[in-house]
Amino acid sequence: MGKNLLALALAAVFLFPVYWMFSSSLKPQSEILSKDPVFLFTPTLDNYTKATGVDLFWTYVLNSVTVTVGAVFLALVVALAASFAIARMKFRGRKGLVLAVMMAQMAPWEVMVIVMYLIARDGDMLNSIPLLTAIYFVMVLPFTVWTLRGFIAAVPVELEEAALIDGCNRGQAFIKVVFPLLAPGLMSTSLFGFITAWNEFAMVLILNKDKEAQTLTLWLTQFQTAFGSDWGATMAASSLFALPVLVVFLFLQRRAVGGMTAGAVKG
């Protein structure tokens, strides 16, 4: 009983800011700025109308979806091949490659902003959605490789050997035997990659000054002006910005758990 109460208390602490953000997005500005907290109010969608009514809103949405989905997809494709090689094959420099992946994962990408800007400027690639996608892909790749390597290593090699004996080549054994068992790893790495690329701010702020090449992270800043902050629109925009992450999390979490419990090694 005590543990349950403690868990509920912790859940309330972590969920209250989310509740306050969403409830504030439905309040009039006067009630948001009220000295006393307002818990009972008449909901209004004016803040959402204002947030989505800014110029180029749907362009920001399209850019965010493009760079996020593109970066995650590329990272999964490259990481599958790289992690399989690291987990299954013996080659010179393997330990060094693993160390390089770990170092790339630990390095703060913010220190590379100036270098990225100079490269983009000299290559005439500023305000480029493909370049931003490539940068996010490189940011997501190390974690994806490291995580998938662990999942591939956990798949018994005997399953692949059995497939080879049955007439499959190495590629067919991977696609038909190993790949279906990687659902938990693919889901978890996809979720991490999605959150990383969706929330990234520094790179797009420096590299994409053209509004038509910006993403939703910069859209969130449009409600802060020299004359004050429109907290209602800010909270509405923040709620909309967090919604895709929540949807992706719920969608991938269910399939990740299903993949974990559907292992092919039983029996």
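Reader: How many aromatic pairs does the structure hold?
Author: The model is predicted, with local features needing pLDDT of at least 70 and side-chain atom pairs pLDDT 80 or more, while totals for chains, interfaces and linings use all residues. Residues are numbered from 1 along each chain as its sequence is written, and side-chain values use heavy atoms, leaving out hydrogens and water. With pairing defined for rings of Phe, Tyr and Trp (its six-membered ring) whose centres lie within 6.5 Å (planes under 30 degrees apart are stacked, over 60 edge-to-face, the rest tilted), the number of aromatic pairs in the structure is 12.

Reader: Is the pair of Phe16 and Trp20 stacked or not stacked?
Author: Phe16 and Trp20 are 4 residues apart in helix α1, which places them about one helical turn from each other; helices here (H or I, at least four residues) and strands (E, at least two) are DSSP runs numbered from the N terminus. The ring centres of Phe16 and Trp20 are 5.8 Å apart and the planes meet at 25°, so the pair is stacked.

Reader: Which residues form one aromatic cluster with Phe16 and Trp20?
Author: Phe16 has a relative accessible area of 42% and is therefore partly exposed, and Trp20 is also partly exposed, at 25%; buried means under 20%, exposed over 50%, and partly exposed in between (1.4 Å probe, protein chains only). The cluster that holds Phe16 and Trp20 is completed by Tyr19 and Phe39.

Reader: Ser25 lies in helix α1; which residues does Ser25 touch, leaving out those up to four places away in sequence?
Author: Ser25 belongs to the helix that runs over residues 2–25, and because its relative accessible area is 0%, Ser25 counts as buried. Counting contacts as heavy atoms within 4.5 Å, and leaving out residues up to four places away in sequence, the partners of Ser25 are Thr44, Asn47, Tyr48, Gly232, Met235, Ala236 and Ser239.

Reader: How many residues apart in sequence are the parts that Asp230 and Lys50 tie together?
Author: The side chains of Asp230 and Lys50 meet in a salt bridge at 3.1 Å, N to O, where the rule asks for a side-chain nitrogen of Lys or Arg within 4 Å of a carboxyl oxygen of Asp or Glu. Asp230 is buried at 18% relative accessibility, whereas Lys50 is partly exposed at 44%. Because Asp230 lies in the loop between β2 (228–229) and α13 (231–261) and Lys50 in helix α3 (residues 46–52), the separation in sequence of the parts tied together is 180 residues.

Reader: Which two helices hold Glu160 and Arg88?
Author: Glu160 and Arg88 form a salt bridge whose closest N and O atoms are 2.3 Å apart. The pair ties together parts that are 72 residues apart in sequence, because Glu160 and Arg88 lie, respectively, in helix α8 (residues 157–165) and helix α4.

Reader: Are Glu160 and Arg88 buried or exposed?
Author: Glu160 has a relative accessible area of 2%, and the value for Arg88 is 15%. Glu160 is therefore buried, and Arg88 likewise counts as buried.

Reader: How many salt bridges are there by this rule?
Author: One of them joins Arg121 and Asp122, with the closest N and O atoms 3.2 Å apart. Arg121 is partly exposed at 44% relative accessible area, while Asp122 is exposed at 59%. The count of salt bridges comes to 3.

Reader: Which helix gives the largest share of the largest nonpolar core?
Author: A nonpolar core is a set of buried Ala, Val, Leu, Ile, Met, Phe, Trp, Tyr and Cys residues joined through side-chain atoms within 4.5 Å. The largest such core has 60 residues, of which Ile135, Tyr136, Leu182, Met203, Leu216 and Trp219 touch the most other members. The largest share of this core, 13 residues, comes from residues 57–88, that is, helix α4.

Reader: Which residues does Met203 touch, not counting those up to four places away in sequence?
Author: Met203 is among the core residues that touch the most other members. Beyond four places in sequence, Met203 touches Trp109, Met112, Val113, Met116, Leu132, Ile135, Tyr136, Met139 and Asn208.

Reader: What percentage of the residues of the protein count as buried?
Author: The protein has 13 helices and 2 strands, and its C-alpha trace spans about 70 × 60 × 30 Å along the principal axes. Of the contacts with a separation of 6 or more, residues 24 or more positions apart account for 70%. Of the 267 residues, the share that counts as buried is 38%.
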